[in-house]
Amino acid sequence: MIATMALPPPDPEFVLRGTAAPVHTLHFSCRSQEPEFPILFSGSANGLVQIWNLKTHRVDKTLDGHGGKSVYWVETIRGRDELLSQGRDQKICLWDLAEGRSMVTDSVSMDSVGFCRCSLLKMAQDRWLIAMPADDPDEVQVLELPSKTSVCTLKPEAGAKLGMPMCLKLWQPGFGACPFLMAGYEDGSVILWNLSMGKMLSRLACHQEPVMSLDFDSEKAKGVSGSSEKVLSVWSLDEQQNLKVHKTHELINSGISDVTIRQDRKILATAGWDYRIRIFGWKKMKPLAVLDFHTATVHCVSFSDHSRPSERLLAAGSKDHRISIWSLYNQT
Amino acid sequence: MWEVCQQHAQAASPELQETLLNKVVCLPDHLSNKLRGENLPIFLPQNYFPLLGTEIIQVLQRISDSLRGGLDCSISFVSQVLGKVCVHGRQKEILSTLVPCLTDLTKSDCIWQRMCWRLVECVPDRWMEAVVCGFVQAVPGADVLSRLLGNLVVKNKKAQFVVTQKLLLLQYSCPTAMLQNVLGYLALDNSRRFLLIKVLQELMETWASSSAVKHSPVEQQLYISKAILICLSHLKDVEIDSHRQELFTCVMEGMKCHLDSNLPRIRCLGMIVAESISSRINTDGPILKFQYEEDDETRELKSLLTQMPSPPSVISPPDEGRKDSPSAVTEAESKPDRKPVAAAYAVSEEGSDSELDSDDDFIPYDMSADKELKKTKAPLYIRDCIEVLTGPEDVEKWEATMRVLETLIQRNTAATQEVSVELAKVLLHLEEKIYIDDFMELRQKALVAVTVTDPVPVAQYLTSQFYSLNYSLRQRMDILDVLALAAQELSRPKAPGKSKLSSVQTPYIQILPGSDSSKDWRRIVDERIRSKTRRFAKGQSQVELVCAPNKFSSVAGHFFFPLIQNFDRPLVTFDLLGDDHFVLGRLAHTLAILLYFAVNTVAAAAMGKALLEFVWALRFHTDSYVRQGLLSCVSSMLLSVPSDRLLEDVIEELVETQAWLADVAEKDPDGDCRRLALQNLLLMENLKTKLEAAPS
């Protein structure tokens with residue numbers, strides 16, 4: 001073994017300033033070829049969705065559609081031409097961004113007042129599923145887009161005492177297969193739902209506190225969740241569709257507001273209440289880096305979808321109004 | 001010749017024996033005197049005496065044969081030969097052949113054993129010491145020694161004196177293995193064990209005597225400590241029980257005078273010995289536990305307590321007392337058991353780890369900065385800091401303040417100058433309300449920063465506080481350290497990116513609060529001398545350093561003179577010339593440093609003169625740490641004060657000092673003092689040659 005001194009943690013590639021409000025959500029759109037630029041959508045507490053040009057590091061466009069209420073989830077559908085944004089005004093807006101337009105073409109109103117982010121899954125060409133908190137505080141509703149027809153409502157059994165859903169992740173084992181939903185609840189448990197039957201398949205109480213965020217790797221059937229506690233919980237799904245705790249990872253400071261596995265399933269990033277972004281190797285949860293740049297809670301982390309791995313970026317949005325962009329572990 | 005010798009070994013007239021003895025032993029000398037250059041190689045002492053050894057074995061062989069045949073033989077002539085050879089200083093040569101043979105022969109044969117005992121017993125008293133010492137050195141282990149010497153120490157007064165007094169208390173040159181031989185030998189037979197206890201008592205007396213601690217060299221104290229620890233390892237619990245009270249008294253006394261010492265090594269020795277004894281005498285009660293840094297020496301000392309007294313391969317006599325220290329033996333035996341298991345575990349775990357990680361080729365970044373998040377923000381202004389430090393307790397804020405204070409002071413010079421003395425006061429009186437890892441260091445850095453920012457008032461304040469009432473020794477020493485560090489900081493040319501150069505010019509001294517070791521000081525002096533000699537040797541070959549005004553020069557007097565003024569005026573709570581000699585030693589070192597950093601300043605000459613008087617007043621101080629400080633002062637003075645001023649102002653004092661230095665270099669019990677004095681003499685010599693070389 002070669003005993004080398006560990007390198008000091010890297011600095012951000014660049015920092016995007018100017019949201020003028022805490023940043024709650026980020027979403028990359030970098031797949032498109034030249035001459036189009038890679039862009040980053042950000043949703044912030046002042047209700048604006050900003051579209052950042054990652055070449056010039058400037059805001060290209062600002063979308064104001066949530067009446068000044070915080071935007072906490074954005075996601076593109078159909079490339080970068082259409083955008084979904086979820087706001088605290090209890091609306092999910094569908095934006096038409098094609099050919100320089102920026103107008104709300106459709107919206108879904110929700111009755112939930114929680115902080116639960118929606119989850120989107122592409123089922124087929126021009127058909128998506130969106131999971132979102134439903135009217136009843138402990139239910140999750142799944143809609144089909146663009147028709148907005150309800151697919152199912154996932155209601156826990158009476159007396160389950162799960163509390164509100166906190167985070168959702170739609171996934172399917174293979175393209176065209178029956179979709180599933182992973183949902184983290186207020187009581188700290190993660191539940192696997194079968195959407196076609198509307199049935200709870202497995203429940204795992206992996207946290208003492210509300211699950212703040214989760215991500216699931218359907219290939220390895222393994223997921224990770226973070227809560228307001230000091231631990232990251234890694235769990236796995238076996239053949240009998242049972243969730244089991246695989247491992248827990250102790251953190252230095254408590255509070256994880258977001259956790260994301262990179263698309264290549266090699267590393268994962270967490271956004272911490274301790275102002276730090278942590279990078280882990282996904283295989284063994286080996287801690288790789290602690291990025292200490294922000295001066296307030298980090299709300300979200302997101303990996304870019306660049307088609308070339310070497311260009312992949314990590315973005316983190318924080319309460320300190322800044323978005324930091326990092327380039328890490330891109331060499332493989 | 002050997003035929004004759006052998007016949008006479010059995011019966012002969014005393015005169016003839018005497019001459020024969022003389023001839024046999026001195027043969028190489030006579031021959032070389034006679035033959036000069038044509039001496040045969042076999043008669044060179046290094047060849048002759050081993051030969052003599054083998055011949056002795058042969059003689060002994062015949063004697064043993066004749067004894068077996070029922071004939072009575074006297075062995076005394078052989079003993080005399082042996083004794084005479086040993087006293088002539090040829091122990092090594094003769095015993096190198098004799099001991100292995102005898103070891104072999106006595107292993108199972110009781111006649112040989114008896115013969116061997118007789119052989120040693122019959123050595124005349126006047127040669128006994130040389131023989132016993134030779135045996136102790138030559139044997140591989142205590143049980144062999146026991147077999148060869150038998151109960152010699154009990155029967156022979158002289159041998160007893162040598163073994164119990166001379167080898168242990170009157171000298172300190174033997175290696176540890178020899179000590180183990182001697183003490184193991186005493187422990188191996190019940191009839192000798194009373195001697196072991198007696199020895200331990202005497203050792204403890206020496207160990208506990210304050211004058212011995214003060215006046216004997218560190219090496220001897222180390223030697224005595226080792227001997228005590230080995231004794232302890234040999235003693236049975238019952239034996240310790242019967243002497244518990246005595247041991248306890250000795251430990252108490254000895255601990256006091258050891259902990260009183262200014263030399264960290266002696267303190268450490270005291271702590272280890274006291275710890276070890278207390279763990280033996282208080283088997284059930286609470287035991288002493290000290291905090292000291294582990295190094296090779298402490299580990300070696302501790303290992304003496306547990307290790308097996310003799311190599312296990314040799315068969316020992318049945319009445320041996322090897323079962324004496326059950327705890328030691330079991331520990332020694334259980335140790336190797338435990339280690340491989342742990343090692344194997346570690347290896348396997350590591351192996352599996354790296355295996356699974358092998359395709360995980362991401363190299364982690366440094367994550368040492370990942371600490372617990374502090375909620376409170378550190379204050380941004382100096383005045384806020386003072387408020388926090390003096391105000392009500394807010395643990396986190398307090399800690400955050402301590403951590404930013406130094407940088408705040410350095411950044412806001414003007415703001416600091418407004419409150420500098422007040423801040424210094426607060427810092428000096430600051431107590432560690434909550435535990436912070438490096439509180440002492442943080443406080444010291446902050447104080448140094450204040451002093452550097454506003455040197456004159458703060459130095460005046462600190463120096464006045466050094467001699468005022470109601471401070472602890474710790475605080476007084478902090479003052480000294482701060483002054484020395486600030487002086488260094490001030491005298492260092494501050495240019496961005498020149499840190500490497502400046503470190504060449506002024507050696508970095510670390511005066512951490514915990515390190516009372518005089519190493520730092522010593523290093524400085526070494527550095528000084530090296531830099532000085534280099535200047536003589538190489539002339540102007542050094543790269544010209546970036547010049548910057550020495551900020552210390554204008555304020556050096558404020559640092560120096562108030563400190564040197566009052567040292568001889570005892571206060572109620574502080575008596576530099578009395579009990580507080582440790583602070584005096586530190587003061588001397590600090591003054592030396594201050595003068596060293598004041599090189600090339602106007603005040604240096606006056607400072608040097610004052611310092612020389614200070615040294616002169618204290619030159620016969622009993623404490624070696626103080627003497628080391630004084631010697632540093634002299635070097636400092638020789639280096640910092642311009643030589644022409646030295647000759648003009650203090651030439652007589654210099655001559656006197658030189659005489660004193662010569663005396664120290666020759667007679668001081670402390671090795672470091674001797675070395676420093678020698679270096680000083682060298683500096684003086686250099687000065688002289690330089691003066692002679694200069695056209696006057």
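The following questions and answers concern salt bridges, burial, a helix and a surface patch in a predicted model.

This is a predicted model, in which local features need pLDDT of at least 70 and side-chain atom pairs count only at pLDDT 80 or more, while totals for chains, interfaces and linings use all residues. Residues are numbered from 1 along each chain as its sequence is written, and side-chain values use heavy atoms, with hydrogens and water left out.

Q: Why is the contact between A:R276 and A:D292 called a salt bridge?
A: A salt bridge requires a side-chain nitrogen of Lys or Arg within 4 Å of a carboxyl oxygen of Asp or Glu. The N to O distance for A:R276 and A:D292 is 3.5 Å, so the pair qualifies. A:R276 lies in strand β24 and A:D292 in strand β25 of chain A, 16 residues apart.

Q: What makes A:R276 buried or exposed?
A: Buried means under 20% relative accessible area, exposed over 50%, and partly exposed in between (1.4 Å probe, protein chains only). A:R276 has 7%, so it is buried. A:D292, at 49%, is therefore partly exposed.

Q: How do you know that the span of helix α3 of chain B agrees with its number of residues?
A: Helices are DSSP runs (H or I, at least four residues). The expected span is 1.5 Å times one less than the number of residues. For the 24 residues of this helix, that gives 34 Å, and the end C-alpha atoms are 34 Å apart, so the two agree.

Q: Why is the contact between B:E441 and B:K445 a salt bridge?
A: The closest N and O atoms of B:E441 and B:K445 are 3.5 Å apart, so the criterion is met. Both residues lie in helix α23 of chain B, four residues apart, about one turn of the helix.

Terms used
Chains lettered and ligands numbered in written order. Helix = DSSP H or I, 4+ residues; strand = E, 2+ residues; numbered from the N terminus.
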